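Please look over the sequence and the model shown here. The paragraphs after it go through some of its contacts and bonds, one region at a time.

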Amino acid sequence: MDKALVQEPSQAGDVHGRIRAAGRHCRSMMAMSWEYFSSRGFVNQFAFVLFLALLIAGGLIAFIIRGRKQKSNTTRPLTPTGPRLEKGQTREPGKWPPSDFRMPTPEPYPDWSLENTKPLPYRPFRYGPKYNVTMGLRSLKHEDWIELDNHFPRFHADKARRIAERGSKLCSTAPEAYPAAVELLEELAEYLPARYPSLYKRTALGLDNLWSGESFDIVTRPLPEDPMQMCARLVQDDLAIMIERADGQYYLLAGCIVLPGFWRLGDKFGMPLSEIHTSGDVPQYREKLEKGMMNLFRRLKPEEMVGRHNYFFQVDDDLGWSWSVGPEDSSVNGHVGWNTAEKGRAIDHHHFRSERQTLRRLPRSGGVVFTIRTYFHKIREVAEEDYVPGRLASAVRSWGDDISRYKGKERYGDVLLEFLDMKHREQIARGLDLSQEDEVRAYPY
């Protein structure tokens, strides 16, 4: 919840790649032109130089125009686009007039399979040398709200185990947020069977999980369990709801945070938005993030949905709680944090942890819903992907001191960077063309 850091997208790599491509094109054209002139007896040096100057200028202009067209037509925009937010706020804080907006029924996810649909390869980091702190928001389509893949069985099992062991510490709904939590559950019950019909089936009482055999009753009152807990058992995401009170602040009043890695719902529950982030020592929150985040929450409309990504490293393999930063039930001060982690663990212990977060407003209650989907991979696997080790090493080196402390770099940085540098050299040695990277991998992939 307090992991609000991403690197601002940079266009430097895109421009540099187009310039290098233009250079290769011009050298090729020069050689062809010389052969053409020589074969026809045109040896006048001035005429040849003039012709080449015009040719080079035309080639550069053509490549720049082509690059701009490619950038505008790409399906994975390099520069994240923010939502169209409504300026001004006429309603009274803490009171939300219900909207008649209904989320569009999504099309089934193309060719989705619990066995074969792999996690999307989000790699939300940029080359250095500068790391900019931004919210990094991108507009999303409603049909892309929830992402499920063939890691669902592991997430389902880990959630079931942790809820059985720690349910009341992971899931909670305040009375004033209960209507929003029920609304969220009802929306998931409509969305999931439509988007993933091979996994979920709508029923008169709610929905059935066709893989696990579970049935979810969302009609009977009182509900058989906390509505946020039911929501979390349906998806791979953790979920939270922020409710606006009369002071205009948004408070974390409902959540089921089962697989957080580094934070605990009990430490943040009941806090306003800004305190959630300042209590987590999010670098540069006051200076760079607070104003924009408050405006986003106040202006976000039910018709809009935004998303963002972040990334961290973990030096153990526990998806639910990173025990390397301390026991989950320890007190915060001095007992939970990177300062307690073992330094220099072997690369086999290193994992890449990335979150895809979505943010949308529930139309009936006005609650603002966070979904937090974690992608968790061994760093050895991620580093086998073309271009990734070099770009990731550059990104880590771009962190300032505050970001490095927040992400725990001092505990794993030397081992990680040595490994990434080695994998990058191996890719270069086998002939990987770095000038093609922007055409192959577009942010945030």
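Aspartate 158 counts as buried, because its relative accessibility is 13% and the cut-off for buried is under 20%. The model in which this value was computed is a predicted one. Aspartate 158 takes part in a salt bridge with arginine 161, and the closest N and O atoms of the two are 3.7 Å apart. Both residues belong to helix α3, which covers residues 152–170. They are three residues apart there, about one turn of the helix. Arginine 161 has a relative accessibility of 36% and so counts as partly exposed.

A search of the whole structure for such pairs finds 32 salt bridges. Another one that involves α3 joins the side chains of arginine 166 and aspartate 329, at 2.8 Å from N to O. This pair links distant parts of the chain, with the two positions 163 residues apart in numbering: arginine 166 is in helix α3, and aspartate 329 is in the loop between β10 (305–314) and β11 (351–361). Arginine 166 counts as buried, at 15% relative accessibility. Aspartate 329, by contrast, counts as exposed because its relative accessibility is 51%, and the cut-off for exposed is over 50%. Both residues are also members of a network of salt bridges, in which Arg162, Arg166, Lys169, Glu328 and Asp329 are linked.

A further salt bridge is formed by the side chains of glutamate 186 and arginine 364, with an N to O distance of 3.0 Å. Here too the pair links distant parts of the chain, 178 residues apart. Glutamate 186 lies in helix α4 (residues 178–195), and arginine 364 lies in the loop between β11 and β12 (368–378). Glutamate 186 is partly exposed at 27% relative accessibility, and arginine 364 is partly exposed at 45%.

The next topic is the cysteines. How many disulfides does a search of the whole structure find? It finds one. A disulfide is a covalent bond between the sulfur atoms of two cysteines. In this model, the bond joins cysteine 171 to cysteine 256, with the sulfurs 1.9 Å apart. The pair connects distant parts of the chain: cysteine 171 is in strand β4 (residues 171–173) and cysteine 256 is in strand β9 (residues 250–256), 85 residues apart. Cysteine 171 is buried, with a relative accessible area of 7%, and cysteine 256 is buried at 0% relative accessibility.

Why is cysteine 231 too far for a bond? The closest cysteine sulfur to its own is that of cysteine 256, and the distance is 8.5 Å. Two cysteine sulfurs have to be within 2.5 Å to count as a disulfide, so cysteine 231 and cysteine 256 do not form one. Cysteine 231 is itself buried, at 0% relative accessibility.

Helix α3 also packs against helix α5 (residues 227–234), with the two axes 9 Å apart and at an angle of about 155°. The two helices are therefore roughly antiparallel to each other. On the α3 side, the contact is made by Phe152, His156, Lys159, Ile163 and Gly167, and on the α5 side by Gln229, Ala232, Arg233 and Leu234. Sorted by type, the residues of this contact are four nonpolar, three polar and two charged.

Two loop positions come next. Alanine 174 sits in the loop between β4 and α4 and is buried, with a relative accessible area of 12%. Setting aside neighbours within four places in sequence, alanine 174 is in contact with Leu253 and Phe269. Alanine 174 and phenylalanine 269 are 95 residues apart in sequence, and their C-alpha atoms are 9.3 Å apart in space.

Proline 124 is located in the loop between α2 (45–73) and β2 (133–134). At 1% relative accessibility, proline 124 counts as buried. Outside its neighbours within four places in sequence, proline 124 has contacts with His309, Asn310, Tyr311, Phe352, Ser354, Tyr443 and Pro444. The C-alpha atoms of proline 124 and tyrosine 445 are separated by 6.3 Å, although the two residues are 321 residues apart along the chain.

The last element is helix α10 (residues 388–397), which is largely enclosed by the rest of the structure because eight of its ten residues are buried. The buried residues of α10 are Val388, Pro389, Gly390, Arg391, Leu392, Ala393, Ala395 and Val396.

Definitions and conventions
Residues numbered from 1 in each chain as written. Predicted model: local features only at pLDDT ≥ 70, side-chain atom pairs only at ≥ 80, totals over all residues. Heavy atoms only, no water. Salt bridge = Lys/Arg side-chain N within 4 Å of Asp/Glu carboxyl O. Helix = DSSP H or I, 4+ residues; strand = E, 2+ residues; numbered from the N terminus. Buried < 20%, exposed > 50% of the residue type's maximum accessible area, 1.4 Å probe, protein only. Axes fitted to C-alpha atoms, helices over the stretch in contact; angles between N-to-C directions. Parallel < 35°, antiparallel > 145°, perpendicular 65-115°, else oblique. Contact = heavy atoms within 4.5 Å. Nonpolar A, V, L, I, M, F, W, Y, C, P; charged D, E, K, R; others polar.
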